[in-house]
Amino acid sequence: MITNLCKASTCLWLCLWGMTTAANAQQYTYENQRNPITHSYENTVRTSSSRWFEYDKPTYFGVRLGVNASTLFFRGMHGIETNPLCGMNIGMIYGIQLTDKAPLFFETGLLYTEKGVQIKATAVSQKITYRMGYVELPFVFKYKIDSGFDDFTIQPFFGGYLACGTNGRSKYYAERKKYKTFRHKTFKRPDAGFRLGCGTAYRNFYFEMSYDIGLANIAGKHYHDFGFDDFDDKIRTGNFSATIGLDF
């Protein structure tokens, strides 16, 4: 599944990159041939201040593709070791400027993201790998800072996300069995939390790094994978992401 998704994502990005490059080249050639003097003057104005690119776009639409390094936090549980699992995220976003007086934007969208964790074997528990797929609805406030260098901007943001688990597999190595991750004995589907990060953009191209702090308790009602007495039945997610994208 992951391999097919990666192939599809790669083809999508190559197509988008090709269309964006061709469109920009065609527009440049057409405008330059139509009025070379005006076009030259407009280029001077546009490159003199990066604000031309951002402030003349009160709304934008974009596509995103990235990698995750996620983990789970088992509150009150000591003596176990966890390793983050890598996954991917892919989706679309939409942003709108909230005020004409400042480059403050509200951004939302729809994403598919993969999370999970690997728990090492101990004297009282076996090695387990949890993998989870979520559909996410992010909502962040983003401030686009003019760097003073061409059309390059710095975009810190904060906000949150709502998520619902859609798929996943749990592997129990001692039992040599696999189960569905989202079930009453393991994890609940709903999740939510804070999102903090910072992005950078040059014209249509975008890159960001963010961290999600899960607030919802995703432990299932009959969670019993560990027999520790100090475990208080609270499990939360954490996720670091590095994402690239195109904005239009």
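A residue is called buried here when its relative accessible area is under 20%, exposed when that area is over 50%, and partly exposed in between (1.4 Å probe, protein chains only). By that rule, 41% of the 248 residues in the chain are buried.

The model on screen is predicted, with local features taken at pLDDT of at least 70, side-chain atom pairs counted only at pLDDT 80 or more, and totals for chains, interfaces and linings using all residues. Residues are numbered from 1 along each chain as its sequence is written, and side-chain values use heavy atoms, with hydrogens and water left out.

**Stop 1: the whole chain**

Begin with a cartoon view coloured by secondary structure. Helices (H or I, at least four residues) and strands (E, at least two) are DSSP runs, numbered from the N terminus. The chain has three helices and 10 strands, and along the sequence these follow the pattern α-α-α-β-β-β-β-β-β-β-β-β-β. A contact means heavy atoms within 4.5 Å. Of the contacts between residues at least 6 apart in sequence, 70% join residues at least 24 apart.

**Stop 2: confidence**

Next, colour by pLDDT, the predictor's confidence in each residue, from 0 to 100. The chain mean is 80, and 72% of the residues reach 70 or more. Select residues 1-5, where pLDDT stays under 50 and the model has six contacts beyond four places in sequence. Then select residues 19-31: pLDDT is below 50 here too, and the stretch has eight contacts beyond near neighbours in sequence. Where pLDDT is low, the predicted coordinates should not be read in detail.

**Stop 3: the largest nonpolar core**

A nonpolar core is a set of buried Ala, Val, Leu, Ile, Met, Phe, Trp, Tyr and Cys residues joined through side-chain atoms within 4.5 Å. The largest one has 18 residues; show Leu 72, Phe 74, Tyr 130, Phe 187 and Ile 235 as sticks, as these have the most contacts inside it. Strand 1, strand 3, strand 4 and strand 6 (152-172) each supply at least two residues of this core, and strand 4 gives the largest share, four residues.

Centre on Leu 72. Leaving aside residues up to four places away in sequence, Leu 72 touches Val 117, Tyr 130, Met 132, Phe 187, Ile 218, Ile 235, Arg 236 and Thr 237.

Move on to Val 117, in strand 3. Val 117 counts as buried because its relative accessibility is 0%. With the same sequence exclusion, the residues touched by Val 117 include Thr 71, Leu 72, Leu 85, Ile 128 and Tyr 130. A distance label from the C-alpha atom of Val 117 to that of Ala 69, 48 residues apart along the chain, should give 9.1 Å.

**Stop 4: the largest cavity**

On a 1 Å grid over the protein atoms alone, a cavity is a set of points where a 1.4 Å probe fits but cannot get out, and lining residues have an atom within 4 Å of a point. Grid points are joined across faces, edges and corners, and a volume is the space filled by probe spheres set on the points. There are three cavities of 30 Å³ or more, and the largest has a volume of about 230 Å³. Its lining has 21 residues, of which Leu 111, Arg 195, Glu 208, Ser 210 and Thr 243 are the closest to the centre.

Colour the lining by class, with Ala, Val, Leu, Ile, Met, Phe, Trp, Tyr, Cys and Pro as nonpolar, Asp, Glu, Lys and Arg as charged, and the others, Gly among them, as polar. The view should show seven nonpolar, seven polar and seven charged residues. Among the strands that each supply at least two lining residues are strand 2 (82-97), strand 9 (205-214) and strand 10 (235-247).

**Stop 5: the loops**

Select Arg 75, in the loop between strand 1 and strand 2. At 48% relative accessibility, Arg 75 is partly exposed. Its C-alpha atom is separated by 8.0 Å from that of Arg 236, 161 residues apart along the chain.

Lys 127 lies in the loop between strand 3 and strand 4 and is partly exposed, at 29%. From Lys 127 to Ala 174, 47 residues apart in sequence, the C-alpha to C-alpha distance is 6.9 Å.

Finish with two backbone angles. Asp 150, in the loop between strand 5 (145-146) and strand 6, has a positive phi of about 50° although it is not a glycine. Arg 176, in the loop between strand 6 and strand 7 (177-180), has a positive phi of about 55° and is likewise not a glycine. Arg 176 counts as exposed because its relative accessibility is 78%.

How values were computed: On a 1 Å grid over the protein atoms alone, a cavity is a set of points where a 1.4 Å probe fits but cannot get out, and a pocket is an open set with protein on both sides within 12 Å along at least five of seven lines; lining residues have an atom within 4 Å of a point.
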